[in-house]
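User: I would like to understand the terms used for this structure, and how each label follows from its cut-off.

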Amino acid sequence: LSCHLWCLEIHSSSSSSSSSSRSERENTMAATSAEAEAAKQRWEVENNVQTVDADLAYKVDRDAYMEARRRKPWAQDPVYYKHVRISAVALIKMSMHAVAGEKNEIMGLMLGNVDGDTLVVVDAYPLPVVGVEYQVNPGSQCDAHIANMNDSNELIGKNYPIIGWYHSHPGLEVFLSGIDCGTQSLYQMYQEPWLAVVIDPHKTMTAGSVEIGAFRCYPEGYTPPENSVSKYRIPPDRVADFGAHCKKFYPLDISIYKSTTDAKMFDLLWSKYWVKALTASPLIVARDYITKKLSDVTTKLGTVETKIGHAPHRGHGIGSDKSNDGAFEDVSNEGCVPFIGS
């Protein structure tokens, strides 16, 4: 009898412990799920994600696309395309790919539509390409991969045309380098309408919001107005290269959208993206980026000091020389590096 009672006590204790452990796991999962949902909502706010009608978001209008190719409105207006709408699903896919590349540049293609002067990016997929600093190019090795992806898309009814390419600039800011301009210009000659997207994964992981830029190149021989050259944050060691090409391309306005149709897919992708961001400290993931930014700020401060030293002084102190305000503002902006959770 004593032995039987002892066994019952052990069984009762084991059941109670098992129930307690299960309850703790459930509470932990619920808390994690709540944190993930809160993080997703913050991400949507920081990237200004707008909810749109599903038909508007994913309508396949091949006729409109072929009509645009026939009319070639970009031939009459070099800046005909001024806006880009990117689905949240495509954005998070491109961001995850860029982050996975770490220090290496990666590349992929974008599928979508045209809507007047707006290019619509519906989906994106990676290419088996790894590049070095400012040098990533698809090459012939991607032809078979692209053909296979096109066949697969047709089989599942995803009949969106390829409308552009994306690649990463790890810790190098978002703009088109000389090689990027050559790649984009070549695509625009034979694959119009065509878009270039650049993502900085290091800044994305430190800031939380996606650091992204969308660009198109001007046609050969076109000279843009002086005030049309946008202002970019360029690493000091690349200013010379950028200066030689900054008038060859222009940025497009970017907006991000989602719909109820892609909510399930977005949630699945978000769980992977959030875990990656959660398990990696921004100070560790982007330490090279942060170190480089500090070095850039130091270099630019030295440049500003040199300019001030050689500039004629008017009145008392440097504050009276308004020509220096822009330089100080550049350095101030360069030094502002936000972090996830700040």
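The exchange below takes up salt bridges, burial, nonpolar cores and strand pairing in turn.

User: What kind of model is this, and how are its residues numbered?

Analyst: This is a predicted model, in which local features need pLDDT of at least 70 and side-chain atom pairs count only at pLDDT 80 or more, whereas totals for chains, interfaces and linings use all residues. Residues are numbered from 1 along each chain as its sequence is written, and side-chain values use heavy atoms, with hydrogens and water left out.

User: Why is the contact between lysine 40 and aspartate 267 called a salt bridge?

Analyst: The term requires a side-chain nitrogen of Lys or Arg within 4 Å of a carboxyl oxygen of Asp or Glu. The closest N and O atoms of lysine 40 and aspartate 267 are 2.6 Å apart, so the pair qualifies. Lysine 40 belongs to helix 1 (residues 2-46) and aspartate 267 to helix 10 (residues 263-279), so the bridge ties together parts that are 227 residues apart in sequence. Helices here are DSSP runs of H or I with at least four residues, strands are E runs of at least two, and both are numbered from the N terminus. Glu37 joins Lys40 and Asp267 in a network of salt bridges, and the structure holds 11 salt bridges.

User: What makes lysine 40 buried but aspartate 267 partly exposed?

Analyst: Buried means under 20% relative accessible area, exposed means over 50%, and partly exposed lies in between, with a 1.4 Å probe and protein chains only. Lysine 40 has a relative accessible area of 10% and therefore counts as buried, while aspartate 267, at 35%, falls in the partly exposed range.

User: How do you know that arginine 71 and glutamate 67 form a salt bridge, and where do they lie?

Analyst: Their N to O distance is 3.8 Å, which the cut-off admits. Arginine 71 and glutamate 67 are four residues apart in helix 3 (residues 62-71), so about one helical turn separates them. Arginine 71 is partly exposed at 42%, and glutamate 67 is partly exposed at 32%.

User: Which residues are in contact with glutamate 44, and is this side chain's residue buried or exposed?

Analyst: Glutamate 44, found in helix 1, has 13% relative accessibility and therefore counts as buried. Leaving aside neighbours within four places in sequence, glutamate 44 is in contact (heavy atoms within 4.5 Å) with Val49, Lys258 and Phe266.

User: What makes a group of residues a nonpolar core, and how many residues has the largest one?

Analyst: A nonpolar core is a set of buried Ala, Val, Leu, Ile, Met, Phe, Trp, Tyr and Cys residues joined through side-chain atoms within 4.5 Å. The largest has 40 residues, and those with the most contacts inside it are Trp43, Tyr81, Ile86, Leu195 and Val197. Helix 5 (residues 88-100) gives the largest share of this core, seven residues. A second, separate core of 24 residues includes Leu109, Trp165, Ala196 and Cys217.

User: Why are strand 5 and strand 6 said to pair, and in which sense?

Analyst: Two strands pair if DSSP finds at least two bridges between them. Strand 5 and strand 6 (residues 195-199) have five bridges and run in the parallel sense, so they qualify. Tryptophan 165 has alanine 196 in strand 6 as its bridge partner. From strand 5 the chain crosses through helix 7 (residues 178-190) to strand 6 in a right-handed β-α-β crossover, a label given if, with the strands pointing away from the viewer, the path from the first strand over the helix to the second runs clockwise. Strand 5 (residues 162-168) is mostly covered, with seven of its seven residues buried.
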